[in-house]
Amino acid sequence: MKPLFEQICGWLDGRGWDYQPDWEQQRLILQVEAMTVVIVASENGEFVTIFLPQLLTLGDDHPHYEAALETLLHLGWQHDKLARWQRDPDDGEVRLRADLPLEDSQLTQKQFWRTLEGTLQ
């Protein structure tokens with residue numbers, strides 16, 4: 001059985017997706033329709049994180065701050081059973097993140113693509 005990070009790279013290769021792997025950090029970055037996607041394999045292959053960083057910046061001083069937060073919460077409630085919205089209070093970065101805790105199981109190609117494609121939607 002291939003290591004998890006190598007498997008993920010193979011699945012992306014199989015569909016012809018371009019990405020930039022960082023083998024040391026077990027992280028890869030890809031661009032999909034002007035969105036950056038980061039995929040990280042951690043905890044010795046027992047945890048995968050897929051996130052879309054810097055989708056927007058929403059500072060505390062934004063004129064529509066409360067309405068924007070309410071909209072993000074509504075989107076999370078309505079659509080995102082696989083992922084969750086996050087906002088960094090230090091710089092206002094808003095991103096979408098999906099976690100796959102594998103523990104003692106194996107990540108399947110079907111799980112990977114469902115999570116990645118669900119996050120992109």
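**A helix, a sheet and their neighbours**

Biologist: In which helix is the place of T115?

Modeller: T115 belongs to a DSSP run, where a helix is H or I over at least four residues and a strand is E over at least two, both numbered from the N terminus. The place of T115 is in helix α3. This is a predicted model, where local features need pLDDT of at least 70 and side-chain atom pairs count only at pLDDT 80 or more, while totals for chains, interfaces and linings use all residues. Residues are numbered from 1 along each chain as its sequence is written, and side-chain values use heavy atoms, leaving out hydrogens and water, so with that settled the name you want is helix α3.

Biologist: Is T115 buried or exposed, and what is its relative accessible area?

Modeller: Beyond residues up to four places away in sequence, T115 touches I50, L82, A98 and L100 (contact means heavy atoms within 4.5 Å). Buried means under 20% relative accessible area, exposed over 50% and partly exposed in between, with a 1.4 Å probe and protein chains only. T115 is buried, with a value of 5%.

Biologist: What is the order of the strands in the open sheet?

Modeller: The sheet has six strands with antiparallel pairing (two strands pair if DSSP finds at least two bridges between them). Strands β1 (20-22) and β5 (84-87) stand at the edges with a single partner each, so one side of each is left without a neighbour in the sheet. Reading across, the order is β1-β2-β3-β4-β6-β5.

Biologist: Which residue in β3 stands opposite L28?

Modeller: Strand β2 (residues 27-32) and strand β3 (residues 35-42) pair in the antiparallel sense over six bridges. Opposite L28 stands I39.

Biologist: Which strands does helix α3 touch?

Modeller: Helix α3 (residues 109-120) packs on the sheet, and its direction makes about 10° with that of β4 (47-57). Axes are lines fitted to C-alpha atoms, for helices over the stretch in contact, and angles run from 0 to 180 degrees between N-to-C directions. The strands that α3 touches are β2, β3, β4 and β6.

Biologist: At what angle do α1 and α3 pack?

Modeller: I8, W11 and L12 in α1 (residues 4-14) meet Q109, F112, W113 and L116 in α3. The axes of the two helices are 11 Å apart. Their angle makes α1 roughly perpendicular to α3, given that under 35 degrees counts as roughly parallel, over 145 as roughly antiparallel, 65 to 115 as roughly perpendicular and the rest as oblique. The angle is about 70°.
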